[in-house]
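Trainee: Could we go through this model together, a piece at a time? I'd like to start with the strands and then move on to the helices.

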Amino acid sequence: MTDGLKIERTGGITTIALNDPKTLNALTPQLAKTLAATLMDVEKTSRVIILTGSDRAFCSGANLQGQTDTNPENIDAGSSLDQAYNPLMLTIRNLDVPLITAISGPAAGIGASIAMAGDIIIAGKSSYFLEAFCHIGLVPDGGATWMLVRNVGRVRAAELALLGEKLPAQQAFEWGMVTRVVEDDAVMSTAHDFAKRLANGPTHALGLMRKLLWIAGDTSFDNQLSEERDAQTSAGKHPHFAEGVAAFLQKRKANFE
C-alpha cells in the first residue's frame, strides 16, 4: 500500500484504488504525482491496469481543504495543473497497456477526467459524473473539455460544464461516455472480467491500439494512416503476431503469453 493508494496484483492485472475515504478520494497534487509514478511503475509488469476508488466514491475532485488564501493576486490555480494534474493525465494517455476505470459514486472534477480517460469504463448505476468547476469559479481541467467534446459533442459538453449538474451513469452511457453500466455491487467483478479478457490478449498490439485511438481525433486522415502503418510494423515484429497466425492456421485459440 502507498499513501492514498491501495495496490493489488493478480495474474498480470494490477488494481490501483484511490484510498482516502475521509475526502471521498479527493486528489491532492502530491497524490496525483504519486498516482502518476505508480502507473509508470506498474505498467512495466502489468498486462492491464484497473483504476478505481471505493464503494462510496471514485474521486470527488481536487482537495481544496488547504486553500485558505482567497486573495486573487496570490493564487495561481494553473500551477498545480502544470506540476501535478497535467503530468498525471499525460501519463494515463501514454500508458503501454490498457486501462480500465471502475466507477462507484461521484467522479467529479479531476476525478471525472481520470474516469473518462479509461479505455474501458465501468460505472455503477448510482455513480455519476460532475463538472463542478462553475460552482467555484474555475474551468474544467485535466483534459475534460477535450474529452467531453469528443465523447458527447460541443453542445452537451457545454451543458455539463456551464451548468455543473450531475450526469447519472445511465445517461452517460446513453451519451457514449462509458462502456457498461452495472449494478453497484458488480462494478469490480465486471471490471475484472474485462481485465481478464484483455490480459489474455495480444497486449503489445492492444497498447498500440489505445495510443492510435487517443491521437485519432486530433490528426488528419493522412497522418492517421501513417501512424497505423508504424504501429502495424511494430505489431508485426512482436511474437504475439507469430502466435496469432500460427493459432489461426492450426485452428486453435491463440496463447498470447
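Trainee: Which residue in β9 stands opposite Gly124?
Mentor: This is a predicted model, and in it Gly124 stands opposite Val182 of β9. That position belongs to the pairing of β6 with strand β9, residues 180–182, which is parallel and runs over 3 bridges.

Trainee: And which way does β6 pair with β4?
Mentor: Strand β4, residues 99–103, also pairs with β6 in the parallel sense, here over 4 bridges. In that pairing Ile103 stands opposite Ala123 of β6.

Trainee: How many of the residues of β6 are buried?
Mentor: In strand β6, residues 120–124, 5 of the 5 residues are buried, so the strand is largely enclosed by the rest of the structure. In a regular strand the side chains alternate between the two faces of the sheet. For β6 both faces are covered, with Ile120, Ile122 and Gly124 buried on one side and Ile121 and Ala123 buried on the other.

Trainee: Now the other sheet, what order do β5, β7 and β8 have?
Mentor: They form an open sheet of 3 strands in the order β5-β7-β8, and the pairing is mixed. Because β5 (106–108) and β8 (167–168) stand at the edges with a single partner strand each, one side of each is left without a neighbour in the sheet.

Trainee: How many bridges join β5 to β7?
Mentor: There are 3 bridges between β5 and β7, and the two strands run parallel. Within that pairing, Pro106 has Tyr128 in β7 as its bridge partner.

Trainee: Where is Glu131, and is that residue buried or exposed?
Mentor: Glu131 is in the loop between β7 (128–130) and α4 (144–152). With a relative accessible area of 5%, Glu131 is buried.

Trainee: What does Glu131 touch?
Mentor: Leaving out residues up to four places away in sequence, Glu131 touches Gly109, Ala112, Met116, Pro140, Ala144, Leu148, Leu160, Ala161 and Gly164. As for Glu159, the C-alpha atoms of Glu131 and Glu159 are 9.8 Å apart in space, while the two residues are 28 residues apart in sequence.

Trainee: Changing topic, how many salt bridges are there in the whole structure?
Mentor: A search of the whole structure finds 6 salt bridges. One of them joins the side chains of Arg210 and Asp119, at 2.7 Å from N to O. Since Arg210 lies in helix α8 and Asp119 in the loop between α3 (110–116) and β6, the pair ties together parts that are 91 residues apart in sequence.

Trainee: Are Arg210 and Asp119 buried or exposed?
Mentor: Arg210 is buried, at 3% relative accessibility, whereas Asp119 is partly exposed, with a relative accessible area of 30%.

Trainee: Which others could you show me?
Mentor: Arg229 and Asp230 meet through their side chains in a salt bridge of 3.0 Å, N to O, and Asp230 is partly exposed at 42% relative accessibility. Another salt bridge brings together the side chains of Arg252 and Glu243, with 2.7 Å from N to O. In that pair Arg252 is partly exposed at a relative accessible area of 35%, and Glu243 is buried at 17%.

Trainee: Which residues of α10 are buried?
Mentor: The buried residues of α10 are His240, Glu243 and Ala247. They cover an arc of only 65 degrees around the axis, which puts them on the same side of α10. The cover over these buried residues includes α8.

Trainee: What about α8, which residues does Thr203 contact there or elsewhere?
Mentor: Thr203 is in helix α8, residues 203–216, and is buried, with a relative accessible area of 11%. Not counting neighbours within four places in sequence, Thr203 is in contact with Arg47, Asp96, Leu198 and His240.

Trainee: And what is on the other side of α10?
Mentor: Phe248 and Leu249 are exposed on that other side. Together with Phe241 and Val245 they form a nonpolar patch on the surface, whose accessible area is about 460 Å² in all. Phe241 lies in α10, residues 239–249, and counts as partly exposed at 49% relative accessibility.

Trainee: What follows α10?
Mentor: Lys251 follows α10, and its phi is positive, near 55 degrees.

Technical notes
Residues are numbered from 1 along each chain as its sequence is written. This is a predicted model: local features need pLDDT of at least 70, side-chain atom pairs count only at pLDDT 80 or more; totals for chains, interfaces and linings use all residues. Side-chain values use heavy atoms; hydrogens and water are left out. Patches are made of residues with over 30% relative accessible area and no salt bridge: like charges are joined within 9 Å, nonpolar side chains (Val, Leu, Ile, Met, Phe, Trp, Tyr) within 5 Å. Accessible areas come from the Shrake-Rupley method with a 1.4 Å probe; for residues, only the protein chains shown count as cover. A salt bridge is a side-chain nitrogen of Lys or Arg within 4 Å of a carboxyl oxygen of Asp or Glu. Buried means under 20% relative accessible area, exposed over 50%, partly exposed in between (1.4 Å probe, protein chains only). Two strands pair if DSSP finds at least two bridges between them. Contact means heavy atoms within 4.5 Å. The arc is that of the directions from the helix axis to the C-beta atoms.
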